[in-house]
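I opened this entry to look up where the ligand sits, what surrounds it, and which charged pairs hold my attention elsewhere.

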Amino acid sequence: MTGAAHEVKTPIFAANWKMNSGPTESRAFLRTFLARNARRPDRTVMFFPPALSLAAVRDSLRERPDILVGVQNIHWEAKGAFTGENSAPIAKDAGATHVLVGHSERRHVFGETDEQTGKKVAAAVAAGLTPMLCVGEKLEERERGETEAVVVRQLRAGLAALSNAQIASVLIAYEPVWAIGTGRTATPADASVVHVATRRELTSIAGEHGAKVPILYGGSVNAQNVRALLDAPGVDGVLVGGASLDAEGWATIVRS
Ligand code: PGA
């Protein structure tokens, strides 16, 4: 169901801490988490802390290079007069390997446009960062039957500047906006429909390269529902906000 050439092998567990956990709290979190998380080759773990906590997180993970660390946003320019912003080369220099682009809070709280997500994805790839492009429909769009059209539009705009080979190295997160931080999760079947449509679009844009792109699900994922979501056809991992803020709870989710 995920497409014959679908090649994603190990599930990805990505924690999006949003604007939570400064350096001190991040270190304490990782002490607890690492005590409960043995290295396992059959899953990939990733943290997206606030940018100011990146160094503390990297430092806490120095014995665990298998765990990946990214930032939650970048500007599309490499440098310049953009007070308050961080660029892809700055994030890379600070030790990030990944970056979230187009998270629904960036799009709907901060007004980020499809075109800007495309520029950010291109800037990330140019700097050697792996972008995780987030896509997803709002409740009114779902109710109007526009879910697939919205996701396809966001995918096309977000990936517009990349070659097919570059597309093979990105990650996608499908996060229905109505499920983020609301406690309302898409059913595994609902998620699967959109994941399969996303895969179809990725292979139509980039052929066999599109088959390699992991597609994560996000939106009120927790220890109770994670297993069923990961078992849903087409779901290659999870992007978790609220439930990734408790170290023991997150360790439980990653073990699932
Ligand atoms: P949530 O957030 O798990 O708290 O719904 C997910 C996200 O925004 O990435």
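I looked first at the site, and the ligand takes up the space of the second largest pocket (an open set of points on a 1 Å grid over the protein atoms alone, where a 1.4 Å probe fits, with protein on both sides within 12 Å along at least five of seven lines; a molecule sits there if more than half of its atoms lie within 2 Å of the grid points). The model is predicted, so I note that local features need pLDDT of at least 70 and side-chain atom pairs 80 or more, while totals for chains, interfaces and linings use all residues. Numbering runs from 1 along each chain as its sequence is written, and side-chain values use heavy atoms, without hydrogens and water.

I found 13 residues around the ligand, Lys18 and Gly181 being among the closest (a heavy atom within 4 Å). For polar contacts (N or O atoms within 3.5 Å), I noted an oxygen atom of the ligand 2.6 Å from a side-chain N or O atom of His103, and a ligand oxygen 2.7 Å from a backbone N or O atom of Ser220. The protein buries 95% of the 280 Å² that the ligand exposes when taken alone (Shrake-Rupley method, 1.4 Å probe).

I then turned to salt bridges (a side-chain nitrogen of Lys or Arg within 4 Å of a carboxyl oxygen of Asp or Glu), of which the structure holds 18.

Definitions and conventions
Polar contact = N/O pair within 3.5 Å; in protein donor to acceptor, adjacent residues only side chain to side chain. 1 Å grid on protein atoms, 1.4 Å probe; cavity = no way out; pocket = protein on both sides within 12 Å on 5 of 7 lines; lining within 4 Å.
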